[in-house]
Every structure is written in structure tokens, then in C-alpha cells.
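Subject: Structure handover

Hello,

Here is the structure to look through. Please open it next to these notes and follow them residue by residue.

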Amino acid sequence: IDTLAFADVIGAAARRRPGDCQPARERAARAEAWFASHDLKLPDEHTMRARGALIAGLCLLERDNPTVAAQLLARRLADAAHARAAERGRARGALAIARFEIGDRAAASASLATARDLANDRVRTSLATWAKAVGLEP
């Protein structure tokens with residue numbers, strides 16, 4: 001395990017939360033480069049790679065680039081198969097938002113349903129609030 005790649009993902013998350021996406025994306029990209037060049041075997045490696053992709057995707061959404069965010073998140077969701085369910089739920093939730101922003105309500109609803117099945121209670125509550133606000137609730 002490269003603890004520097006893990007530190008980059010954690011640092012990226014810390015920078016993204018207050019909205020400082022440029023350094024967050026740089027750190028997430030540095031971590032992704034390491035993960036991409038190594039054979040990941042441990043669940044924590046897959047989880048951290050999924051978190052890095054989620055951070056990059058959220059930053060792309062914040063920069064009003066939902067198409068690229070959706071592409072990144074969809075591509076990384078395949079890699080996240082070994083990550084924890086909660087991580088996959090967060091990524092699916094972000095993908096739902098990106099797809100909604102693109103204008104694909106059907107795909108957004110499908111991603112939202114999957115996200116709810118995988119996510120923890122806090123993420124489920126956040127997604128339900130968002131879905132209600134944008135009119136995706138049945």
C-alpha cells in the first residue's frame with residue numbers, strides 16, 4: 001500500500017469539502033495515477049480509488065461539467081466493485097446528480113435507486129432531500 005496515495009485521497013477530500021477543487025482534483029489525480037499503475041489487491045485500495053474518483057466527479061459537478069463528471073463516475077463505478085457498499089452508494093448518488101444535470105431523468109432515477117440500496121442512512125437522507133427538491137421522487 002502506498003500511504004502517499006491514501007494521503008492524497010484524504011487531502012483531496014479535505015480540500016473539496018470547503019469548495020477548493022483545484023488542489024483537490026490535483027491530489028485525486030496524483031492518487032489515481034498511482035492506483036492505475038499498480039495491481040490493487042486490498043479492499044482499502046479499491047475504496048480509496050473509488051473515493052478519489054468520487055472527489056474528482058464532485059468537483060466536476062461543482063464546475064458545471066456534468067457530462068465529464070458522469071463519464072468519470074460511470075467508468076470508475078466498474079472499478080469500485082471491490083469497494084465498500086457505502087462508497088459505491090455515494091458514487092451512484094453523484095452519478096444520479098450528474099445524469100440529472102445532463103437532462104437524463106430516467107438514468108438519474110436508475111442511479112438514484114441503486115444508490116439508495118447501497119448507501120448508508122446519512123447519504124440516503126441527503127439523496128432523498130435532493131430528489132424531492134428536483135422532482136425525482138415518485
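**What was found**

S109 is a residue of helix 6. Is S109 buried, partly exposed or exposed? Its relative accessibility is 31%, and since a residue is buried under 20% and exposed over 50%, S109 counts as partly exposed. Along the chain, S109 and A131 are 22 residues apart, and their C-alpha atoms are separated by 8.9 Å.

Please keep in mind that this is a predicted model. The mean pLDDT of the protein chain is 85, and 93% of its residues reach 70 or more. By element, confidence is highest in helix 6 (residues 105-118), with a mean of 92, and lowest in helix 4 (residues 66-79), with a mean of 81. As a general caution, predicted coordinates should not be read in detail where pLDDT is low.

**Helix 1**

Helix 1 covers residues 3-16, which is 14 residues. How far apart should its ends be? At 1.5 Å a residue the expected span is 20 Å, and the end C-alpha atoms are 20 Å apart, so the two values agree. The buried residues of helix 1 are A5, F6, D8, V9, G11, A12, A13 and R16. They pack against helix 2 (21-36) and helix 3 (43-62).

**The largest pocket**

The largest pocket holds about 570 Å³ of space. It is lined by 19 residues, and those closest to its centre are R16, L54, L58, R90 and R122. One of these, R16, is also among the buried residues of helix 1. Which helices supply at least two residues each to the lining? They are helix 1, helix 3, helix 5 (85-102) and helix 7 (121-134). By type, the lining has 11 nonpolar, 6 charged and 2 polar residues.

**Three more residues to look at**

R76 is in helix 4. With a relative accessibility of 15%, R76 counts as buried, because the cut-off for that is under 20%. Which residues does R76 touch, if its neighbours within four places in sequence are left aside? The contacts of R76 are then E32, R49 and A53. R51 lies 25 residues from R76 along the chain, and the C-alpha atoms of the two are separated by 9.8 Å.

D64 sits in the loop between helix 3 and helix 4. Its relative accessible area is 68%, so D64 is exposed. The phi angle of D64 is near 60 degrees, which is a positive value in a residue other than glycine.

D121 belongs to helix 7. Its relative accessibility is 57%, and D121 therefore counts as exposed. From D121 to A133 there are 12 residues in sequence and 18 Å in space, taken from C-alpha to C-alpha.

**For a second look**

To go over the accessibility classes again, compare three residues in the viewer. R76 at 15% is buried, S109 at 31% is partly exposed, and D64 at 68% is exposed.

Regards

Definitions and conventions
Residues numbered from 1 in each chain as written. Predicted model: local features only at pLDDT ≥ 70, side-chain atom pairs only at ≥ 80, totals over all residues. Heavy atoms only, no water. Helix = DSSP H or I, 4+ residues; strand = E, 2+ residues; numbered from the N terminus. Expected span 1.5 Å × (residues − 1). Buried < 20%, exposed > 50% of the residue type's maximum accessible area, 1.4 Å probe, protein only. Contact = heavy atoms within 4.5 Å. pLDDT = per-residue confidence, 0-100. 1 Å grid on protein atoms, 1.4 Å probe; cavity = no way out; pocket = protein on both sides within 12 Å on 5 of 7 lines; lining within 4 Å. Points joined across faces, edges and corners; volume = space filled by probe spheres on them. Nonpolar A, V, L, I, M, F, W, Y, C, P; charged D, E, K, R; others polar.
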